[in-house]
Amino acid sequence: MIPSNIQHGMISAGTVYQDDLALAERCRQGDFDAFESLYREHSSRLFSLTVRMLGNRTDAEDMLQEIFLTAHRKLQSYRGDARLSTWLFRLATNLCLDHLRSKSARMNQATSSLDDDNAMEPVSTSPGPVLGTVQNIDMERAVARLPRGCRAAFLLHDVEGFEHREVASMLGISEGTSKSQVHKARLKLRRFLAGL
Amino acid sequence: MQCDIARERLQDQIDGTLDPVVARELDAHLAACAPCRALAADLAAVADAGASLDPIAVPEHVWLQLAGRWRREQAAAGGMYRAPAAAPRRYTAFHALAAAAMLAVAAGGGWIAWRATEPGEVILERPRQTANGNAGSDVLVESVKNDLEAADQLYTRAIAGLEQAVKEQKSVLEPQVAANIDATLGVIDQAIGESRAAVQAQPLSTEARESLFEALRKKVALLQNTISLVSEISRGNQAGASRLSGT
């Protein structure tokens with residue numbers, strides 16, 4: 001029995017998600033229906049992440065296909081020690097970041113790793129809150145302006161609801177870096193949304 | 001508690017991971033410090049807004065293209081692909097044709113996307129003038145026309161395969177559904193014709209190019225959905241057929 005207070009499948013050593021493992025095994029064996037089940041269950045959340053990471057629906061549609069094809073090729077490495085959703089999000093995030101890095105390289109833009117962009121945002125010292133009700137469309141636009149490292153951390157933590165240790169594992173960073181990236185993203189978003 | 005420490009703790013407060021003792025100290029500071037209280041309210045609003053973002057729906061054609069690519073990979077990997085149990089044998093060739101057509105479209109789409117991300121895209125918008133008048137832009141126009149024709153041909157070949165597949169299996173569809181599909185295809189064909197004329201008249205027009213390829217993509221998506229609908233009906237999957245036909 002899986003403890004109910006565990007979110008997204010990061011659990012203590014020794015626990016195996018048998019249902020996810022069984023689905024992965026059926027996919028590995030070339031079962032088309034299993035592959036479709038995998039897609040139907042996870043594609044919506046992964047597409048949302050991908051659109052917001054890449055900022056472009058057409059690229060995101062291509063990327064979503066790459067995510068599932070890559071997942072299918074790599075499913076033999078899935079051991080059932082985390083939820084399949086966590087495993088897929090890790091794969092998706094890294095493919096998106098690779099795509100953004102290669103796009104930057106092609107455009108001769110400076111690249112930075114997730115950890116070396118830690119300069120803190122200047123904090124407004126307004127005596128009252130500067131944000132009212134935040135509309136979704138304004139939020140989407142503001143998220144699109146975030147640097148890719150803190151955008152990934154923000155999307156995984158605040159939008160998708162993963163915990164910092166899960167985000168850290170997905171992005172290959174420390175838990176402290178995950179926290180600082182999310183904090184930095186929130187400060188930047190506040191500034192973007194308030195037009196400061 | 002000092003303001004700089006309070007601001008560091010806000011993150012944990014929003015995430016609900018703050019130690020209860022520190023939480024009380026932070027609350028006391030926030031009660032007395034308006035700027036920190038304002039920051040706390042704003043950061044909480046940002047986090048709430050992030051959590052409230054809606055999921056983004058995936059277009060159905062993404063699955064159809066993916067399914068085609070998956071089948072091809074499976075076949076290339078040694079025939080491990082296990083078709084759905086309910087799939088009748090007589091549809092094997094039909095599926096293969098549809099998958100091949102989808103792959104051709106995927107390849108075409110990728111090529112177009114690659115072209116669009118090349119630095120040359122800027123040149124397409126603003127042709128450089130050469131010392132000898134318009135010779136440079138004439139060469140450019142010719143080059144763009146050739147590229148567009150090649151991309152258009154990729155789509156056209158893929159569409160021809162899909163149309164043939166739809167034609168062979170359309171009898172499975174309800175007459176009203178088939179008539180609706182034909183009517184929509186007619187509208188799209190008209191848009192393709194008008195866009196092709198616009199592209200021929202103005203090969204450097206981004207708007208004309210985008211209009212043409214958008215119309216071609218819509219036709220591919222409609223044909224792929226039709227094929228998928230036929231497939232679901234043939235498999236006896238009423239739920240899948242309803243999802244695709246929107247009923």
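## A walk through a two-chain model

Buried residues account for 41% of the 196 residues in chain A. Keep in mind as we go that this is a predicted model. Its overall scores are ipTM 0.80 and pTM 0.59.

Let us stay with chain A for a moment. What kinds of elements is chain A made of, helices or strands? It has eight helices and zero strands. If you trace the sequence from one end to the other, you meet the pattern α-α-α-α-α-α-α-α. Now think about which parts of the sequence meet each other. Among the contacts in chain A with a separation of 6 or more, 71% join residues that are 24 or more positions apart.

Next, zoom in on a pair of helices. Two packed helices are described by the angle between their axes and the distance between the axes. In chain A, helix α1 covers residues 18-28 and helix α2 covers residues 32-54. These two pack at an angle of about 130°, and their axes are 7 Å apart. Why are they called oblique? An angle over 145 degrees would count as roughly antiparallel and one from 65 to 115 as roughly perpendicular, so α1(A) and α2(A) are oblique to each other. The crossing of α1(A) past α2(A) is left-handed. On the α1(A) side, the contact is made by Leu23(A), Arg26(A) and Cys27(A); on the α2(A) side, it is made by Ala34(A), Phe35(A), Ser37(A) and Leu38(A). Sorted by character, the residues of this contact are five nonpolar, one polar and one charged.

Chain B offers a pair to set beside this one. Here α1(B) packs with helix α2, residues 20-32 of chain B, at an angle of about 120°, with the axes 10 Å apart. That angle makes α1(B) oblique to α2(B). Once again you can look at the handedness: α1(B) passes α2(B) in a left-handed crossing. From α1(B), the residues making the contact are Ala6(B), Arg9(B) and Gln13(B), while α2(B) supplies Val22(B), Ala23(B), Leu26(B) and His29(B). These residues divide into four nonpolar, two polar and one charged.

Further along chain B, find Leu185(B), which sits in helix α8, residues 175-201. Is Leu185(B) buried or exposed? The answer lies in between: a residue needs 20 or more neighbours to be buried and 12 or fewer to be exposed, so Leu185(B), with 17 C-beta neighbours inside 10 Å, counts as partly exposed. Setting aside neighbours within four places in sequence, Leu185(B) touches Lys219(B) and Leu222(B). Lys219(B) is 34 residues away from Leu185(B) in sequence, yet their C-alpha atoms are 6.8 Å apart in space.

Now bring the two chains together. Their contact draws 37 residues from chain B and 40 residues from chain A. On the chain B side, the elements giving two or more residues are α1 (3-15), α3 (34-51) and α4 (60-76). Which of them gives the largest share? That is α3(B), with 13 residues. By character, the chain B side has 26 nonpolar, five polar and six charged residues.

Finally, a word about confidence. Chain B has a mean pLDDT of 72, and 68% of its residues reach 70 or more. Over residues 83-133 of chain B, pLDDT stays under 50. For that stretch, the model has 64 contacts beyond four places in sequence.

Note on methods:
Residues numbered from 1 in each chain as written. Chains lettered and ligands numbered in written order. Predicted model: local features only at pLDDT ≥ 70, side-chain atom pairs only at ≥ 80, totals over all residues. Helix = DSSP H or I, 4+ residues; strand = E, 2+ residues; numbered from the N terminus. Contact = placed C-beta atoms within 7 Å. Nonpolar A, V, L, I, M, F, W, Y, C, P; charged D, E, K, R; others polar. pLDDT = per-residue confidence, 0-100. Axes fitted to C-alpha atoms, helices over the stretch in contact; angles between N-to-C directions. Parallel < 35°, antiparallel > 145°, perpendicular 65-115°, else oblique. Left-handed = near helix turned anticlockwise from the far one by under 90°.
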